[in-house]
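The following exercises are to be worked with the sequence and the coordinates at hand. Each task is followed by a solution in steps.

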Amino acid sequence: MKIKNLFLDRDGTIIVEKHYLKDPDEVELLPNAVDGLKKFVEKGVNLFIVTNQSGIGRGYFSVQDLYKVNKRLCDILSLYHVQIKDIEFCPHSPDDNCRCRKPKTYMWEKLQKKYNLISHETVVIGDKLSDVLMGRNAGFILNALVLTGYGEYSLKKGPIDCFDLIAKDLLDFYYLLENRGCL
Ligand SMILES: [Mg+2]
Ligand SMILES: [Zn+2]
């Protein structure tokens with residue numbers, strides 16, 4: 001199996017979890033995040049971000065605030081020649097019972113149609129069970145937990161058999177996949 005697409009959670013996976021982040025100046029990359037992403041890019045893997053942003057639905061910040069944060073993140077990453085192919089977000093609160101909030105798969109379905117993605121060429125990594133379950137629900141080949149952000153807590157909470165792979169950070173994730181011959 002060869003991985004062509006990587007679905008990434010944003011908060012706690014690429015950048016430091018800041019609890020309803022709305023200020024672009026607060027965007028802070030996690031250790032080894034950019035180094036890991038660079039390696040995936042070098043292998044020709046397409047990077048996508050799919051992120052639950054219930055702070056919008058809860059009224060804590062606006063869609064415009066979210067765009068500014070995402071733009072800052074993409075600007076920083078582009079300094080390292082890391083391009084994010086696309087970003088999807090769910091703006092709803094859990095009570096809205098929408099079809100996009102992870103672990104639901106509508107964000108995947110949108111990107112899948114737009115770019116003709118194949119689920120068994122796609123993997124996900126995130127710091128919460130809902131990230132990993134989204135990948136499972138979408139039929140991805142591998143659904144990984146990262147131990148940054150809420151990752152340690154998610155690992156304790158389990159259930160552990162939901163996680164196909166557990167990585168310390170995005171660089172560790174890259175090497176784990178490389179060792180498996182997936183890249
Ligand atoms: Mg997260
Ligand atoms: Zn939604």
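**Exercise 1. A positive phi in a loop**

In which loop is the place of Asn97? Determine also its backbone phi and its exposure class.

Solution. The model is a predicted one.
Step 1. Asn97 lies in the loop between strand 3 and helix 4.
Step 2. Its phi is positive, about 50°, although the residue is not a glycine.
Step 3. The relative accessibility of Asn97 is 62%. Exposed means over 50%, so Asn97 counts as exposed.

**Exercise 2. A second positive phi**

Tyr20 also has a positive phi without being a glycine. Locate Tyr20 and classify its exposure.

Solution.
Step 1. Phi of Tyr20 is near 60°.
Step 2. Tyr20 belongs to the loop between strand 1 and helix 1.
Step 3. Its relative accessible area is 30%. This value falls between the limits of 20% and 50%, and Tyr20 is therefore partly exposed.

**Exercise 3. The zinc site**

Which protein atoms are the donors of the zinc ion (ligand 2), and why is the arrangement tetrahedral?

Solution.
Step 1. The protein donors are the SG atoms of Cys90, Cys98 and Cys100 together with ND1 of His92. They lie 2.0 to 2.3 Å from the zinc ion.
Step 2. Along the chain, these donors follow the spacing C-x1-H-x5-C-x1-C.
Step 3. The four donor atoms subtend angles of 100 to 117° at the zinc ion. Four donors count as tetrahedral if all angles lie between 85 and 135 degrees, so the arrangement qualifies as tetrahedral. For comparison, the ideal angle for four tetrahedral donors is 109.5 degrees.
Step 4. Exposure can be assigned to two of the donor residues. Cys98, at 13% relative accessibility, counts as buried, whereas His92, at 27%, is partly exposed.

**Exercise 4. Strand pairing around strand 2**

Establish how strand 2 pairs with strand 1 and with strand 3, and give examples of bridge partners.

Solution.
Step 1. Strand 1 and strand 2 pair in the parallel sense over four bridges. Phe7 stands opposite Phe48 of strand 2.
Step 2. Strand 1, helix 1 and strand 2 together form a right-handed β-α-β unit.
Step 3. Strand 2 also pairs with strand 3 (residues 86–90) in the parallel sense, over five bridges. Within strand 3, Phe89 is the bridge partner of Thr51, and Cys90 is that of Asn52. Cys90 also supplies an SG donor to the zinc ion (ligand 2).
Step 4. Six of the seven residues of strand 2 are buried, and in strand 3 the count is five of five.
Step 5. In a regular strand the side chains alternate between the two faces of the sheet. In strand 3, Asp86, Glu88 and Cys90 point one way and Ile87 and Phe89 the other way, and all are buried.

**Exercise 5. The nonpolar cores**

How many residues has the largest nonpolar core, and which have the most contacts inside it?

Solution.
Step 1. The largest nonpolar core has 34 residues. Those with the most contacts inside it are Leu6, Leu8, Phe40, Leu47, Ile125, Phe173 and Leu177.
Step 2. Among the elements that give two or more residues to this core are strand 1 (5–8), helix 1 (33–42), strand 4 (122–126) and helix 7 (170–179).
Step 3. Leaving aside neighbours within four places in sequence, the contacts of Ile125 include Leu6, Leu8, Ala144, Val146, Ala167 and Phe173.
Step 4. A second, separate core of 14 residues includes Phe48, Val50, Leu117 and Phe140.

**Exercise 6. Cis peptide bonds and a buried serine**

Identify two cis peptide bonds and their loops, then describe the surroundings of Ser154.

Solution.
Step 1. Lys102 and Pro103 are joined by a cis peptide bond with omega about 20°. Pro103 is in the loop between strand 3 and helix 4 (106–115).
Step 2. The peptide bond from Gly158 to Pro159 is cis as well, with omega near 0°. Pro159 is in the loop between helix 6 (151–157) and strand 6.
Step 3. Ser154 is placed in helix 6 and, at 6% relative accessibility, counts as buried.
Step 4. Beyond its neighbours within four places in sequence, Ser154 is in contact with Asp127, Lys128, Leu129, Leu145 and Phe163.

Conventions: Residues are numbered from 1 along each chain as its sequence is written. Chains are lettered from A and ligands numbered from 1 in the order in which they are written. This is a predicted model: local features need pLDDT of at least 70, side-chain atom pairs count only at pLDDT 80 or more; totals for chains, interfaces and linings use all residues. Side-chain values use heavy atoms; hydrogens and water are left out. A nonpolar core is a set of buried Ala, Val, Leu, Ile, Met, Phe, Trp, Tyr and Cys residues joined through side-chain atoms within 4.5 Å. Buried means under 20% relative accessible area, exposed over 50%, partly exposed in between (1.4 Å probe, protein chains only). Contact means heavy atoms within 4.5 Å. Two strands pair if DSSP finds at least two bridges between them. A crossover is right-handed if, with the strands pointing away from the viewer, the path from the first strand over the helix to the second runs clockwise. Donors are N, O and S atoms within 2.8 Å of the metal (3.2 Å for Na, K and Ca); water is not among the atoms, so sites may look incomplete. Four donors count as tetrahedral if all angles lie between 85 and 135 degrees; four count as square planar and six as octahedral if opposite donors are over 155 degrees apart and all others between 65 and 115; anything else is irregular.
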